[in-house]
Amino acid sequence: MDALELRYTELTFPEPPADRPFTAINMVMSADGRTVVAGTERGLGSPLDQRLMRELRVHFDVVMNGAATFRASGTSARLNDPELERWRTERGMAPSPIAAVLTRSGDLPESRRFFTDDGFDAVVYLSSSAPERVRRELESRGRPVVVVPEGRETPAALDHMRRDLGARRVLIEGGAVLNGELVRRGLVDEFFLTLSPKVVGGDSAHPAVQWPGDQRVEEMRGMELVHARPASTGEVFLRYRLV
Ligand SMILES: NC(=O)c1ccc[n+]([C@@H]2O[C@H](COP(=O)([O-])OP(=O)(O)OC[C@H]3O[C@@H](n4cnc5c(N)ncnc54)[C@H](OP(=O)(O)O)[C@@H]3O)[C@@H](O)[C@H]2O)c1
């Protein structure tokens, strides 16, 4: 079956766990396991991949990035499609999800759409390890800044999304460090992965998920395949559920 027949607007999701929002990662990766080419993900996914990425977003209340992805590519929750916005508003949702970014340094370029476009809501999660002046400077830009406790940033951010933003589903759009932080803590329910028919090469790794320390067989996370859809683009669209 060609993924062109696959509409991600038609996907269904399980109920969120009792204590946090339902979470899914979405990434595109080359056949040789790279998620970055020359500094960004641009060029890895086809227009079909980008369409399915936007269709996937319609199901989520928050779309989140790590700050390195924000710096490389920006963070926006825009759907850029009136039909997809209508899909949401017909179901009582805001036209776009809320965009969220997690940072320790506070180094978030001010010129990015996240700060300049008021067409979607957005929130900055800042580690309590950041100096006070960093918080004040970020707050002066007009987006809410939520300070999350050092060492517990990711669970605290999810908790804030659930309690204060009313989020039932959160989509994590990378990068690998943020993904790893969440997977390692058992905070990820599903993993959408587009396998791109490309070999990137080079000597930098840039996997889809990473965390510090040595690899350990007993720490590997198992997943169940929910779907695998090959497309005429040569891509394979994979959906896994973490077990
Ligand atoms: N192929 C794809 O689908 C895809 C998707 C997304 C991104 N990417 C690529 O991935 C690259 C970036 O990925 P990455 O893995 O290097 O970084 P990342 O996960 O995007 O961001 C890492 C940064 O997030 C912040 N962060 C992460 N965990 C945190 C915590 N617990 N508390 C506070 N802040 C935390 C820190 O920000 P500070 O440094 O500000 O402290 C950290 O340096 C970019 O090149 C991007 O283009 C590819």
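The largest nonpolar core of this predicted model holds 44 residues. Six of them touch the most other members: Val-62, Ala-100, Val-101, Tyr-125, Val-170 and Ile-172. Take Val-170 as a way in. Which residues is Val-170 in contact with, leaving aside its neighbours within four places in sequence? Pro-21 and Thr-23 are among them. So are Phe-60, Asp-61, Val-62 and Met-64. Leu-158 and Met-161 complete the list. Val-62 thus appears twice: as a contact of Val-170 and as one of the core members with the most links. There is also a second, separate core. It has five residues, including Tyr-8, Met-53, Ala-231 and Phe-237.

Now turn to the backbone. Most residues other than glycine have a negative phi, and most peptide bonds are trans. Three places here depart from that pattern.

Start with the peptide bond. Gly-174 and Gly-175 are joined in cis, with omega about 0°. Gly-175 sits in the loop that runs between β6 (169–172) and α7 (176–184).

Next comes phi. Ala-38 is not a glycine, yet its phi is positive, at about 50°. Look for Ala-38 in the loop between β1 (22–30) and α1 (47–57). Is Ala-38 buried or exposed? Ala-38 is exposed, because just 8 other C-beta atoms lie within 10 Å, and exposed means 12 or fewer.

Asn-80 also has a positive phi of about 50° without being a glycine. Its loop lies between α2 (67–73) and α3 (82–89). Asn-80 is exposed too, with 10 other C-beta atoms within 10 Å.

Note on methods:
Residues are numbered from 1 along each chain as its sequence is written. This is a predicted model: local features need pLDDT of at least 70, side-chain atom pairs count only at pLDDT 80 or more; totals for chains, interfaces and linings use all residues. Helices (H or I, at least four residues) and strands (E, at least two) are DSSP runs, numbered from the N terminus. A residue is buried if 20 or more other C-beta atoms lie within 10 Å of its own, exposed if 12 or fewer, and partly exposed in between; C-beta atoms are placed from the backbone. A nonpolar core is a set of buried Ala, Val, Leu, Ile, Met, Phe, Trp, Tyr and Cys residues joined through C-beta atoms within 7 Å. Two residues are in contact if their C-beta atoms, placed from the backbone, lie within 7 Å.
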